[in-house]
Amino acid sequence: MQGQIDFFEKPSFDSEKIFGGHGALVFVIDAQVDYMEALNRLHQTVLRAHKVNPHLKLEVFIHKVDGLSDDIKFETQRDIHQRANDKLSNSGMEQIHLSFYLRTL
């Protein structure tokens, strides 16, 4: 894991402090690497955040798409969107809404 802090691995992780008094959570996924682990972390993060703050807006930035062709950009966005929502549905949390955005460097 590069450039990230994994709050879930810290014994002092306090969901209330991190997700409690905020209006939005932005989760960034790198489109140019295998994003399966990022999707697992997104799912775990969203479930914890929603439990603490069900009104939190959940924004997913699909980052570094400028190096991809248009077809690959949109296929990557569709794949991430589908997989993330499938995970939520399989957890019985289909009421959670995620917004997805393509971002450049």
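Hi everyone, let me start with one residue: F61 is partly exposed, at a relative accessible area of 25%. For that term, buried means under 20% relative accessible area, exposed means over 50%, and partly exposed is in between, with a 1.4 Å probe and protein chains only.

A quick word on the source. This is a predicted model, where local features need pLDDT of at least 70 and side-chain atom pairs count only at pLDDT 80 or more, while totals for chains, interfaces and linings use all residues. Residues are numbered from 1 along each chain as its sequence is written, and side-chain values use heavy atoms, with hydrogens and water left out.

Now the layout. The protein has three helices and three strands, and from the N terminus the order is α-β-α-β-α-β. Helices (H or I, at least four residues) and strands (E, at least two) are DSSP runs, numbered from the N terminus. Of the 105 residues, 35% are buried.

Back to F61. Rings of Phe, Tyr and Trp (its six-membered ring) pair if their centres lie within 6.5 Å; planes under 30 degrees apart are stacked, over 60 edge-to-face, and the rest tilted. That rule gives one aromatic pair. It joins F61 and Y101 edge-to-face, with 5.8 Å centre to centre and 90° between the planes. F61 belongs to strand β2 (residues 57-63) and Y101 to strand β3 (residues 98-102), so the pair links distant parts of the chain, 40 residues apart. Y101 is also partly exposed, at 37% relative accessibility.

F61 has another partner: the charged end of R103 sits over its ring, 5.0 Å from the centre. The criterion there is NZ of Lys or CZ of Arg within 6 Å of the ring centre and within 35 degrees of the ring normal.

Let's move inside. In soluble globular proteins, nonpolar side chains tend to be buried together. A nonpolar core here is a set of buried Ala, Val, Leu, Ile, Met, Phe, Trp, Tyr and Cys residues joined through side-chain atoms within 4.5 Å. The largest one has 24 residues, and I29, L42 and L98 have the most contacts inside it. At least two core residues come from each of β1 (24-30), α2, β2, α3 and β3, and α2 gives the largest share, four residues.

Which residues line the largest cavity? They are L39, L42, H43, V46, A84, K87, L88 and L98. On a 1 Å grid over the protein atoms alone, a cavity is a set of points where a 1.4 Å probe fits but cannot get out, and lining residues have an atom within 4 Å of a point. The whole structure has one cavity of 30 Å³ or more, and the largest has a volume of about 40 Å³, meaning the space filled by probe spheres set on the points, which are joined across faces, edges and corners. Helices α2 (36-52) and α3 (70-90) each supply at least two lining residues, with the largest share, four, from α2.

Two last spots. L47, in helix α2, is partly exposed at 27% relative accessibility. L47 and I96 are 49 residues apart in sequence and 8.9 Å apart in space, C-alpha to C-alpha.

Finally, K64 lies in the loop between β2 and α3. Most residues other than glycine have a negative phi, yet K64 has a positive one, near 70°. K64 is partly exposed, with a relative accessible area of 27%. Thanks, everyone!

Note on methods:
On a 1 Å grid over the protein atoms alone, a cavity is a set of points where a 1.4 Å probe fits but cannot get out, and a pocket is an open set with protein on both sides within 12 Å along at least five of seven lines; lining residues have an atom within 4 Å of a point.
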